[in-house]
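User: Could you walk me through reading a fold like this one? I'd like the general idea first and then the case at hand.

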Amino acid sequence: MHAAVIVFPGSNCDRDLAVAFERAGARVSMVWHKDTDLPQGVDVVGVPGGFSYGDYLRCGAIAANSPICRSVIAHADKGGYVLGVCNGFQILTETGILPGALLRNAGLKYVCKPVGLRVATADSVFSHGYEAGRTITVPIAHHDGNYFADTATLDRLEGEDRVAFTYTDNPNGSARDIAGILSENRRVLGMMPHPERMSEPLQGGTDGAALFSGLMGALERA
Ligand SMILES: NC(=O)CC[C@H](N)C(=O)O
């Protein structure tokens, strides 16, 4: 599996995401935001967490209009896999690849702590390594993680089994406890919690590792 991890000015989880992909057996290319093309033959694009362009304007809004994001949108449009974590999820909603928006946390505070997540569906390359309904622990670190979408969109996400993860104890006011969602073709996942920060014992737990190993296994078989 060949993964590309996008690096924006202000990204701070790009190396962590690359290491998580590598630990699962992927070859990783780091791609700078000013590049216009993804490397040839990329299977999955990782859009990492952080504070792209300083979170000015709105988290993810400037990154969504960067040169490389045109190629990320084209990759998703032609059925490519994309994983957006935290600021990456914000960027994916800003590009329109995923529906909804991430608003300021309901408590108006930056929240940085491990949280419980329920695996809402195992029906995706990202979540099939988990049993549906299982609770895992993964850290969050954000001030704009409050998932918002209109009622029709939320109903549609739930009706189409596109909610990937929900919070067991909602830390930010997200609608319907949503922590991560899938695209219509189930090949794009955006999530606020950081599985790459819970993927090896030194990080205090390994509950995030199955996302990367599951993805790797599915793409190797494809
Ligand atoms: N860890 C992150 O990616 C942070 C995302 C974003 N800068 C926020 O605080 O909401």
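What follows is a short tour of the sheet, a helix on it, the annotated site and the ligand shell.

Analyst: Keep in mind that this is a predicted model. Let's start with the sheet.

User: Sure. How many strands form the sheet, and in what order?

Analyst: The general idea: strands of a sheet pair through backbone hydrogen bonds, either parallel or antiparallel. Here, 9 strands make an open sheet with mixed pairing, and the order reads β2-β1-β3-β4-β11-β10-β9-β6-β7. The edges belong to β2 (27–32) and β7 (135–142); each has a single partner strand, so one side of each lacks a neighbour in the sheet. Going from strand to neighbouring strand, the average turn is 20°, with direction ignored.

User: Which strands run parallel, and which antiparallel?

Analyst: Take one pair of each kind. Strand β4 (residues 81–85) and strand β11 (residues 188–191) run parallel and are joined by 4 bridges. To find that pair on screen, pick Gly84 and look for its bridge partner in β11, Gly190. By contrast, β9 and strand β10 (residues 178–182) run antiparallel, with 3 bridges between them. There, Val163 has Ile181 in β10 as its bridge partner.

User: And on the other side of β9?

Analyst: That's strand β6 (residues 111–119), which pairs with β9 in the antiparallel sense over 3 bridges. Two places to look: Leu117 has Tyr167 in β9 as its bridge partner, and Arg118 stands opposite Thr166 in β9. Keep going and β6 pairs with β7, again in the antiparallel sense, this time over 8 bridges. One of the spots to check there is Cys112, whose bridge partner in β7 is Ala141.

User: Is strand β9 enclosed by the rest of the structure or left open, and why?

Analyst: Count the buried residues in the strand. For strand β9 (residues 163–167), 4 of the 5 are buried, so the strand is largely enclosed by the rest of the structure.

User: Now the helix. Which strands does α3 touch?

Analyst: For a helix on a sheet, check what it touches and how its direction is set against a strand. Helix α3 (residues 87–95) packs on the sheet and touches β3 (44–47), β4 and β11, with its direction at about 120° to that of β4. All the way along, 9 of the 9 residues of α3 are buried, so this helix is largely enclosed by the rest of the structure. Phe89, Ile91 and Leu92 are among the buried ones, but so are Gln90 and Glu94. The packing partners of the buried residues are β3, α2, β4, β5 (101–103) and β11. After α3 comes Gly96, with a positive phi near 90°.

User: What would an exposed residue look like, for comparison?

Analyst: Try Ala74 in helix α2 (residues 67–77). Ala74 has 12 other C-beta atoms within 10 Å, and a residue with 12 or fewer counts as exposed, so Ala74 is exposed. Its C-alpha atom is separated by 10.0 Å from that of Asp37, 37 residues apart along the chain.

User: Where does UniProt place the "active site" feature?

Analyst: The unreviewed UniProt entry places it at Cys86, His194 and Glu196. With an annotation like that, ask whether the residues come together in space. These span 111 residues in sequence, yet no two of their C-alpha atoms are more than 10.9 Å apart, so they gather at one spot.

User: Are Cys86 and Glu196 buried or exposed?

Analyst: Cys86 sits in the loop between β4 and α3 and is buried, with 31 other C-beta atoms within 10 Å. Its contacts beyond four places in sequence include Cys13, Met192 and His194. Glu196 lies in the loop between β11 and α5 (209–221). Glu196 counts as buried too, with 31 C-beta neighbours inside 10 Å. Beyond four places in sequence, Glu196 touches Cys13, Asp16, Leu17, Ala20, Val85 and Gly208.

User: Last one: which residues surround the ligand?

Analyst: List the shell, then sort it by class. Gly49, Gly50, Phe51, Asp55, Cys59, Cys86, Asn87, Ala141, His142, His143, Asp144 and Gly145 surround the ligand. Sorted by class, the shell holds 4 nonpolar, 6 polar and 2 charged residues. Cys86 turns up here as well as in the annotated site.

Definitions and conventions
Residues are numbered from 1 along each chain as its sequence is written. This is a predicted model: local features need pLDDT of at least 70, side-chain atom pairs count only at pLDDT 80 or more; totals for chains, interfaces and linings use all residues. A residue is buried if 20 or more other C-beta atoms lie within 10 Å of its own, exposed if 12 or fewer, and partly exposed in between; C-beta atoms are placed from the backbone. A residue is near a molecule or strand if its C-beta atom, placed from the backbone, lies within 6 Å of it. Ala, Val, Leu, Ile, Met, Phe, Trp, Tyr, Cys and Pro count as nonpolar, Asp, Glu, Lys and Arg as charged, and the others, Gly among them, as polar. Two strands pair if DSSP finds at least two bridges between them. Axes are lines fitted to C-alpha atoms, for helices over the stretch in contact, and angles run from 0 to 180 degrees between N-to-C directions. Two residues are in contact if their C-beta atoms, placed from the backbone, lie within 7 Å. UniProt positions are given in the numbering used here, feature names are shortened, and annotations may be inferred rather than shown by experiment.
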